[in-house]
Amino acid sequence: MALRFVDGFDHYSLPAQLSMKYQTLSINDATFMTGRRAGSQALLFRSAEWIAVTLDNQNTWIVGLAVYFVGNATEAIVRFYDTAGDVQASVVVQTNGTIRLYRGSTNTSLAISDLALNLNTWYYLEVKINIADSGGLFEARVNEQVWVTFTGDTKQTSVAGASRVILYGRSADNAIDDLYICDGTGSLNNDYLGDCRVDTIYPNGTGAHSSFTPQGSGTNWENVDETLMDEDSSYNHSNTIGHKDSFAFTNLPAITGTIFGVQACVGARKDDAGVWVVRPLARIDGTDYEGGDQYLASSFLFVRHLWEQNPDTSAAWVQADIDDAEFGYKIQS
């Protein structure tokens, strides 16, 4: 797998709910604003806030996100951390809007762009890093054009690789939207994806499975159809291994480009002691395809599984596949 994580920031009702998907974060005054497309939502950082995605250790990472700068500041927008918690590399947007690449936090300046980002304008920023003592690559693209690049020593710490990506707010407010993270493995999605959007769709009807007991609304799908999650206000519950719910979903907006993957995102928690495991579920052409095991906590988490290809065909997704599919969840153990 190479596409590891996506987020469109459309399904949060409060900034505090970011902790349901991001393992560590520092959010104090963050809020949401209109995203770069009508009807979408973006995360607006206020002051020096951040969210982090922790994955496994890899030598190559590619990060893409839409960025919008409200004010000027010289501070990091993306950093890569190693497994020991030390900064491997940083992407800094300077007060004049130019992009500077650093090894470490600001230990060694590697390269700076000639072009500059304007305020109050959406851009699509992509960063690629290959971490190595020599022959490594570190570069940033804006709107699919390389603005700054460096080849050479990109390894700051004693650990080879990075395992955590942190996205920063700066002392001058900035917003982010349409995030993807890829690693360099496999034969799919192991390089720049280009200017991407993350579309969020929601349940809108009963599917093939309705094993859980509804609490709140009349039917299972109505308990999970809200655009912004209401947690314990309406939900479906079960303590029976093997129980499944699946739902019909709203159709995607018209897509003319490549669909790089589909991520099922399930808001869930356990309400008793013991280990409870769920699996996100895709149902395509009458067949269930289960994602990996996801362990629940006592508070709500967004557990997820990402299919880079249609599991029914082992081919790239097309819009009709997704529009016709059901998605849901299963109690595994």
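Trainee: Is histidine 243 buried, partly exposed or exposed?

Mentor: Histidine 243 counts as partly exposed, because its relative accessibility is 23% and the partly exposed class lies between 20% and 50%. Please keep in mind that this is a predicted model.

Trainee: Where does histidine 243 lie?

Mentor: Histidine 243 is in the loop that links β18 (235-237) to β19 (244-249).

Trainee: And which residues is histidine 243 in contact with, leaving aside neighbours within four places in sequence?

Mentor: The contacts of histidine 243 are Ser211, Phe212, Ser238, Tyr329, Lys330 and Ile331. As for glutamine 332, it is 89 residues from histidine 243 along the chain, and the two C-alpha atoms are separated by 8.1 Å.

Trainee: Let me step back. How many helices and strands are there in the protein chain?

Mentor: The protein chain has one helix and 25 strands.

Trainee: What radius of gyration does the protein chain have, and what would a compact globule have?

Mentor: The protein chain has a radius of gyration of 20 Å, which agrees with the value near 20 Å for a compact globule of 333 residues. Along the principal axes, its C-alpha atoms fill a box of roughly 55 × 45 × 40 Å.

Trainee: What percentage of the residues count as buried?

Mentor: Of the 333 residues, 53% count as buried. The chain exposes about 13,600 Å², and carbon and sulfur atoms supply 45% of that area.

Trainee: What share of the contacts comes from residues 24 or more positions apart?

Mentor: Such pairs account for 67% of the contacts with a separation of 6 or more.

Trainee: On electrostatics, how many positive and negative charges are there, and how far apart are their mean positions?

Mentor: There are 21 positive and 40 negative charges, and their mean positions are 6 Å apart.

Trainee: Now the interior. Which residues touch the most other members of the largest nonpolar core?

Mentor: They are Phe80 and Ile99, in a core of 49 residues. Strand β6 (residues 60-69) gives the most to this core, with five residues. There is also a second, separate core of 23 residues, which includes Tyr289, Trp317, Phe327 and Tyr329.

Trainee: What does phenylalanine 80 touch, not counting residues up to four places away in sequence?

Mentor: Phenylalanine 80 touches Trp61, Val63, Asp86, Val87, Gln88, Ala89, Val127, Ile129, Phe138, Ala162, Arg164 and Val165.

Trainee: Let us turn to tyrosine 124. Is it buried or exposed?

Mentor: Tyrosine 124 is buried, with a relative accessible area of 1%, and its place is in strand β11 (residues 122-130). Apart from neighbours within four places in sequence, its contacts include Arg36, Arg141, Asp178, Tyr180, Asp195 and Cys196. Aspartate 86 is 38 residues from tyrosine 124 in sequence, with 27 Å between their C-alpha atoms.

Trainee: You listed Asp178 as a contact. What is the phi of aspartate 178?

Mentor: Phi of aspartate 178 is near 50°, a positive value in a residue other than glycine. Aspartate 178 lies in strand β15 (residues 174-183) and counts as buried, at 1% relative accessibility.

Trainee: And aspartate 285: what is its phi, and is the residue buried or exposed?

Mentor: Aspartate 285 also has a positive phi, near 50°. Aspartate 285 is exposed, with a relative accessible area of 69%, and is placed in the loop between β21 (277-284) and β22 (287-290).

Trainee: How far is aspartate 285 from glycine 328?

Mentor: Their C-alpha atoms are separated by 15 Å, and the two residues are 43 apart along the chain. Glycine 328 is found in strand β25 (residues 326-331) and is buried, with a relative accessible area of 6%. Beyond four places in sequence, glycine 328 is in contact with Asp245, Ser246, Phe247, Val266, Arg279, Pro280 and Leu281.

Trainee: One last residue, serine 298. Where does it lie, and what is it in contact with outside four places in sequence?

Mentor: Serine 298 lies in the loop between β23 (294-295) and β24 (301-307), and its contacts are Arg269 and Lys270. Serine 298 counts as exposed because its relative accessible area is 53%, and exposed means over 50%. Glutamate 144 is 154 residues from serine 298 in sequence and 42 Å from it, C-alpha to C-alpha.

Notes: Residues numbered from 1 in each chain as written. Predicted model: local features only at pLDDT ≥ 70, side-chain atom pairs only at ≥ 80, totals over all residues. Heavy atoms only, no water. Helix = DSSP H or I, 4+ residues; strand = E, 2+ residues; numbered from the N terminus. Rg over C-alpha atoms; globule rule 2.2 N^0.38 Å. Buried < 20%, exposed > 50% of the residue type's maximum accessible area, 1.4 Å probe, protein only. Contact = heavy atoms within 4.5 Å. Areas by Shrake-Rupley, 256 points an atom, 1.4 Å probe, with all protein chains shown as cover. Lys, Arg positive; Asp, Glu negative; His and termini not counted. Charge placed at Lys NZ, Arg CZ, Asp CG, Glu CD. Core = buried A, V, L, I, M, F, W, Y, C linked by side-chain atoms within 4.5 Å.
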